[in-house]
Amino acid sequence: MRVSVIALFCAVTGLTGAVHAAPVSSTETQTKAAKVAYLSLIIDDLGQNPERDTRALKLPGPVTLAIMPDTPHATEFARQAHKAGKTVILHMPMDPATGPYAWHPELPLAELEARLNAALLKVPYAAGINNHMGSRMTAEPVPMAWLVSELQRRHMFLVDSRTSAKTVAAAEAQKIGLASVSRDVFLDDERTAEAINGQLQTAIKLARKQGSAVMIGHPYPVTLDVLERELPKLKSQGIEWIEIRHMVSERGNQAMVGHGRNGVYR
């Protein structure tokens, strides 16, 4: 019997409850909002600046750390984060990103595989990946289908950063039951404390409405200032701060309203 990676996560991490490898109606998930609201946070673009990386590492709660392979401190910081008990993921460069690891639509699958393997060597302990940029690449069905199959083989999960409305990454993951989630809110497209706090409040409202929200931010000083101040307040606001693996299980591979229809990614 073929077992999905989501089910494997449940066995490894001790998670319980119904987890679906295939999409089902999202009504039940989205009506949980009256009872519980979950948030998860990913910090992207790590490995470039030790001071900012350290601040991200020290953020309270189960923050996921997405490390770029083509940064000077990638390997060292991945080891440090793993030792601190944080979840590490590979922040995989994808077109229009450039560099030796970046995926581009014109590259053959053999080269994409070589670049993924090299990137994973630079970021040890990666439990999953999310895309850095990737607005063109994540819209390509063939390489995304290969990627999700490869991640399933490696017992890794996918976070679709959804840098493009045309992304098919999460949809391809859903087809084969690969453990995955999609980003709901970018915190810091506008780098002011007021705007970032506003995006955090948007995520909180969304979590209360649909039961959960996944946020992505960056190690900008102003973003870290806001998060250091606001994250400790979440519990008192009735928000459950959960690890990204728990979010994978909570959502059961269902698309939220902003990502698709009736639980199916579009």
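**Where is the place of methionine 133?**

The place of methionine 133 is in strand S4 (residues 126-133), where helices (H or I, at least four residues) and strands (E, at least two) are DSSP runs, numbered from the N terminus. The model is predicted, so that local features need pLDDT of at least 70, side-chain atom pairs count only at pLDDT 80 or more, and totals for chains, interfaces and linings use all residues. Residues are numbered from 1 along each chain as its sequence is written, and side-chain values use heavy atoms, with hydrogens and water left out.

**Exercise 1. Describe the backbone and the exposure of methionine 133 and aspartate 45, and then turn to the cis peptide bond.**

Step 1. Methionine 133 is a residue other than glycine, yet its phi is positive, near 60 degrees. Its relative accessible area of 40% makes methionine 133 partly exposed; buried means under 20% relative accessible area, exposed over 50%, and partly exposed in between (1.4 Å probe, protein chains only).

Step 2. Aspartate 45, which is not a glycine either, has a positive phi of about 60 degrees. Aspartate 45 belongs to strand S1, and with a relative accessible area of 14% it is buried.

Step 3. The peptide bond that leads from aspartate 95 to proline 96 is cis, with omega near 20 degrees, and proline 96 sits in the loop between S3 and H5.

**Exercise 2. Determine which face of helix H4 is buried and what covers it.**

Step 1. Helix H4 (residues 74-83) has Ala74, Thr75, Phe77, Ala78 and Ala81 as its buried residues. Viewed down the axis of H4, these residues fall within an arc of 165 degrees, so they line one face of the helix; the arc is that of the directions from the helix axis to the C-beta atoms.

Step 2. Glu76 and Lys83, on the other side of H4, are exposed.

Step 3. The cover over the buried residues of H4 includes strand S1 (38-46), helix H3 (50-57), strand S2 (64-67), strand S3 (88-94) and helix H5 (109-122), where contact means heavy atoms within 4.5 Å.

Step 4. Just after H4, glycine 85 adopts a positive phi of about 85 degrees.

**Exercise 3. Repeat the analysis for helix H3, and relate proline 50 to H4.**

Step 1. The residues Asp53, Ala56 and Leu57 of H3 are buried. Around the axis they cover an arc of only 100 degrees, which puts them on the same side of H3.

Step 2. Packing against these buried residues of H3 are S1, S2, H4 and helix H9 (221-230).

Step 3. Proline 50 also lies in H3, and it is partly exposed, with a relative accessible area of 44%. From C-alpha to C-alpha, proline 50 and phenylalanine 77 are 8.0 Å apart in space, while 27 residues apart in sequence.

**Exercise 4. Identify the residues that are most connected in the largest nonpolar core.**

Step 1. A nonpolar core is a set of buried Ala, Val, Leu, Ile, Met, Phe, Trp, Tyr and Cys residues joined through side-chain atoms within 4.5 Å.

Step 2. The largest such core has 55 residues, of which Leu39, Leu41, Ile43, Leu65, Leu90, Trp103 and Leu147 touch the most other members. Helix H6 (residues 141-153) gives the most to this core, with 5 residues.

Step 3. A second, separate core holds 17 residues, among them Tyr38, Ile42, Ile216 and Met247.

**Exercise 5. Characterise how H6 packs against H7 and against H5.**

Step 1. Two packed helices are described by the angle between their axes and the distance between the axes. The axes are lines fitted to C-alpha atoms, for helices over the stretch in contact, and angles run from 0 to 180 degrees between N-to-C directions.

Step 2. H6 and helix H7 (residues 169-176) have axes 9 Å apart and pack at an angle of about 50 degrees. That makes H6 oblique to H7, given that angles under 35 degrees count as roughly parallel, over 145 as roughly antiparallel, 65 to 115 as roughly perpendicular and the rest as oblique.

Step 3. The contact is made by Pro141, Met144, Ala145, Val148, Ser149 and Gln152 of H6 together with Ala169, Glu172, Ala173 and Ile176 of H7.

Step 4. For H5 and H6, the axes come within 11 Å and cross at roughly 45 degrees, which makes H5 oblique to H6. Here Leu109, Leu112, Glu113 and Leu116 in H5 meet Pro143, Trp146, Leu147 and Glu150 in H6.
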